[in-house]
Amino acid sequence: MRRLKVAGNSLFVVEHDTQTMRQADWIVDVGPAAGEHGGRVLYSGPPDGLAGISTSRTAAYLFGAPERQQHAPREPAGWLRLAHVSRNNLHCVDAEIPLGCFTAVTGVSGSGKSSLISQALPDLLNRHLGRADDSDTDEERDPLFAVTDAPTEGRIAGGMETVRRLVRVDQKPIGRTPRSNLATYTGLFDHVRKLFAATPAARKRRYTAGRFSFNVAQGRCPTCEGEGFVSVELLFLPSVYAPCSACHGTRYRPQTLEITWQGRNIAEVLDLTVDAACDFFAKEAPAMRALTALRDIGLGYLRLGQPATELSGGEAQRIKLATELQRAQRGDTLYVLDEPTNGLHSADVDRLLVQLQALVDAGNTVVVVEHDMRVVAQADWVIDIGPGAGDEGGRIVACGPPAIIATSTASVTAAYLADELG
Ligand SMILES: Nc1ncnc2c1ncn2[C@@H]1O[C@H](COP(=O)(O)OP(=O)(O)OP(=O)(O)O)[C@@H](O)[C@H]1O
Ligand SMILES: [Mg+2]
């Protein structure tokens, strides 16, 4: 990037990484928060000047003294043992993952982290549990990210007694259609539709819960078929989307919208933010479970009806996580997250960390593939893979608590982690 500048170009970079921000000649900070609580330029000028902007969340991380809440690493409740794993650049690797702990898997890009943690581990676990592969079969997937069926060799050699469930969370968008949204994805919408169907007015008209779905013909707008907008074909130009003139974007038939619960119709409910919905549904326990999980993970600003296609990668990934978090915690789950902090601001990373630590405190096991040393420093255990990429990698270089990894002479990660640990 420096070379591009030296050659006379102008470089604009959208960035979450504070190290990269410090190298900039000019900083534009947008916010202060997300969604409708953001959208303003808080500062535009040389980096130093941002220090004086009290409303900037970025300034706190760029100039504030790093908060180091080091805790003693947890004691493992047992070890999940992977034996003789071969896949991609891994050749006969033995790995041990501490159960009931928070583990970070590190290493340079291409070293074999995903091969071990997101591919081999779920493969072997599913095989051990006698289940079919749980990876989704989305045909339209970007071929660059499609999983080819490179076989995994190896086995689970122990530690499965306490693991009953595997949950994988990645950054793939949650459903590609505008027919999926926050409310449908988390299951919240099922509860809401039942509330509407149970109102006296709905019962009198024999409206069932299905009537309040924009994916079912009965209740939705027939013109746009519940999409809320219609595509307008233009000669010689790409087609454009315009709000549906029949329902004005509400997605429903007028008759459906005549039914209200606590003074709001179903379209108005979909237009609520998560924060507003928390007040509106305060007395409805099943709805509140999903809503509180979304709010706690920092998504209080999103609207319930925002189509899945319009969510950012970081938002989609946190919705998946919140959906998992609202489920009853039994302490027997292994969570696998591949680069969960991708696309998140340091403030969002902190919020995510609180959630992950809570999962571990409840007795679960969390394994994250991670490049952000702030996260790695908070782990109980680190598995460093490398030392290089491709054929130069694929081996476990070091494992142990962060403080031990930071002193490893063989690990490329050590210096960066030592920096973070201070
Ligand atoms: N399906 C595949 N078939 C063959 N080789 C693969 C396949 N997937 C990955 N590889 C190779 O295996 C090596 C490890 O890849 P892997 O995806 O595990 O890296 P990683 O450590 O997760 O990197 P990053 O930090 O960039 O995500 C790389 O050299 C990669 O090119
Ligand atoms: Mg990877």
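Two strands count as paired if DSSP finds at least two bridges between them. I'm keeping that cut-off at hand for the sheet below, and I note that this is a predicted model.

**Domains**

I started with the layout of the protein chain. Its division gives domain 1 (2–63), domain 2 (78–174 + 311–421) and domain 3 (182–296). Domain 2 is written as two segments, 78–174 and 311–421.

Next I looked up domain 1 against domain 2. Over C-alpha atoms, their centres are 30 Å apart. In the contact I find 4 residues from domain 1 and 5 residues from domain 2. What is the make-up of the side of domain 1 that touches domain 2? I get 1 nonpolar residue, 2 polar and 1 charged.

**The sheet**

Then I went to the strands. Which order do the 3 strands of the open sheet take? I read S4-S3-S6, with antiparallel pairing. Strand S4 (90–99) and strand S6 (153–158) are the edges, each pairing on one side only. I also checked the turn between neighbouring strands of this sheet: 15 degrees on average, ignoring direction.

I looked at S3 with S6 separately. Strand S3 covers residues 78–87, and 4 bridges join this strand to S6, the two running antiparallel. With at least two bridges needed for a pair, the 4 between S3 and S6 pass the cut-off. For a residue to click on in the viewer, I noted Leu82, which stands opposite Ile156 in S6.

**The helix across it**

Last entry: which strands does helix H4 lie across? Helix H4 (residues 113–129) lies across S3, S4 and S6. Against S3, helix H4 runs at about 105 degrees.

How values were computed: Residues are numbered from 1 along each chain as its sequence is written. Chains are lettered from A and ligands numbered from 1 in the order in which they are written. This is a predicted model: local features need pLDDT of at least 70, side-chain atom pairs count only at pLDDT 80 or more; totals for chains, interfaces and linings use all residues. Domain bounds come from an automatic or database domain assignment. Two residues are in contact if their C-beta atoms, placed from the backbone, lie within 7 Å. Ala, Val, Leu, Ile, Met, Phe, Trp, Tyr, Cys and Pro count as nonpolar, Asp, Glu, Lys and Arg as charged, and the others, Gly among them, as polar. Axes are lines fitted to C-alpha atoms, for helices over the stretch in contact, and angles run from 0 to 180 degrees between N-to-C directions.
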